[in-house]
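Please open the structure in a viewer and keep the selection tool at hand. The stops below proceed from one selection to the next.

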Amino acid sequence: MHPAYRHLGGCTKTSLLRGGTRPLPHRIHLATLRISQHSYRRQLHTRSASTTTATETEKDALTIATEADPDAPEGQTPVDIVHLTWPHKGWTEDVLHAVIPSHRAPRTAGDRFAWRVTRICRWAMDFATGMGADQKVDGKHPTTAVVAQKPLTEEQWMIRFIFLESIAGVPGIVAGTLRHLHSIRRFRPDHGWIKTLLEESYNERMHLLVFLEMYKPGWFMQFMVFAAQGVFFNTMFVSYLVSPQICHRFVGYLEEEAVHTYTRCLEEMDSGSLKGWEEGEGFKIPEVAVRYWRMEEGKRSMRDLILNIRADEASHRGVNHTLGNLDQTVDHNPFVEGGMEKGEMQRAVTKPGGLERDEVIRNSSR
Ligand SMILES: [Fe+2]
Ligand SMILES: [Fe+2]
């Protein structure tokens, strides 16, 4: 663990959710990538000294591995390989501050079902992360009220973020996989949905990787994540086969929860109750975050990091509510072209209920 984050998850006390001294799985994964990359470079170096010519594929892979970011310190290039998959275009200041917690009122029976399931998930999350009764917000406005009697601690926030993000990375990959399989099975185009769905999953995984740089989960939390993923992946898989529309609505509601969570965290930072994350206390956000969101010098505080993550969640919220408004078989995905760069994506951030179907059709015919 980086020394700057020791106050969040040291080994002085025992906790079921807090980590011990064992290395993190993702660290092992990154370490493996580093070793693989080192060996790969050595292999290519050896090969270039021999009479065998590297194939075009190998040259491409070498380019990716070594030229992804020429300024990257040695040992951090695997992160760049990860970045290269779907680089983040970054958010403008306007967009970062335009996000508001919001709730799209259910309109159909499917919406009501999705909302009910989301409430159950939120209850389970509050329970699993040890939230006290005095730490809960107004239950009548669960996704918009952000003030509680007692703030959460830095550690409670980290546990919540890691649970949330480990779950959030599942729906996009399930939906993307199923749409991909449907397309190749039925010999039909996908209308551009797959990329956005996979990109969303990837973005959620980056959120998780950033938090894992700052907090080491204990064995119990790892077990909970393992079990939750097993249940959630399979449930999503079957549910998406039955009703993709309700699934997108459900993800839209989950993302409302994510925007709520990060907005409340920002509020508690501003009220001065999260001192451990203040600048000037020897605290620094992970380097991977700075490079993923292209965070400018002077705008690399924990607050800036949470603002960026919250904008991502707001885009997922708007995208999934929009996809939930569309005809799943014939409509084109309005967010695909240009990915995160496209103006529609920026609009999704500031339209919490998503774009209505006729609006999408009108915009696409312009
Ligand atoms: Fe996320
Ligand atoms: Fe999200």
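Select α10, residues 244-270, in this predicted model. Helices here are DSSP runs of H or I with at least four residues, strands are runs of E with at least two, and both are numbered from the N terminus. The expected span of a helix is 1.5 Å times one less than its number of residues. For the 27 residues of α10 this gives 39 Å, and the end C-alpha atoms are 39 Å apart, so the two values agree. Colour α10 by burial: 23 of its 27 residues are buried, so the helix is mostly covered. A residue is termed buried if 20 or more other C-beta atoms, placed from the backbone, lie within 10 Å of its own, exposed if 12 or fewer do, and partly exposed in between.

Two conventions apply throughout. Residues are numbered from 1 along each chain as its sequence is written, while chains are lettered from A and ligands numbered from 1 in the order in which they are written. As the model is predicted, local features need pLDDT of at least 70 and side-chain atom pairs count only at pLDDT 80 or more, whereas totals for chains, interfaces and linings use all residues.

Next, select the residue Gly272, which follows α10 and has a positive phi, near 85 degrees. Continue to Gly280, in the loop between α10 and α11 (287-292). Is Gly280 buried or exposed? Gly280 is exposed, because 6 other C-beta atoms lie within 10 Å. A distance label between the C-alpha atoms of Gly280 and Ser301 should read 10.0 Å, across 21 residues of chain.

Now select Glu204, Glu255, Glu313 and His316, where UniProt, in an unreviewed entry, places the feature "binding site". UniProt positions follow the numbering used here, feature names are shortened, and annotations may be inferred rather than shown by experiment. These residues are spread over 113 residues of sequence, yet they cluster in space, with a largest C-alpha distance of 11.0 Å.

Centre the view on Glu255, in helix α10. Glu255 is buried, because 27 other C-beta atoms lie within 10 Å. Leaving aside residues up to four places away in sequence, Glu255 touches Glu313, His316, Arg317 and Asn320; two residues are in contact if their C-beta atoms, placed from the backbone, lie within 7 Å. Turn then to Glu313, in helix α12. Glu313 is also buried, with 28 other C-beta atoms within 10 Å. With the same sequence neighbours excluded, Glu313 touches Glu255, Ala258, Val259 and Tyr262.

Extend the selection to all of α12 (residues 302-325) and add α13 (residues 343-350). How do their axes cross? The axes come within 7 Å and cross at roughly 95 degrees; they are lines fitted to C-alpha atoms over the stretch in contact, with angles running from 0 to 180 degrees between N-to-C directions. Therefore α12 is roughly perpendicular to α13, a term for angles of 65 to 115 degrees. Show side chains for Ala311, Ala314, Ser315, Gly318, Val319 and Thr322 in α12, which meet Met345, Ala348 and Val349 in α13. This contact comprises 6 nonpolar residues, 3 polar and no charged. Ala, Val, Leu, Ile, Met, Phe, Trp, Tyr, Cys and Pro count as nonpolar, Asp, Glu, Lys and Arg as charged, and the others, Gly among them, as polar.

Finally, display the whole chain, which has 14 helices and 0 strands. Buried residues make up 35% of its 366 residues.

Technical notes: Parallel < 35°, antiparallel > 145°, perpendicular 65-115°, else oblique.
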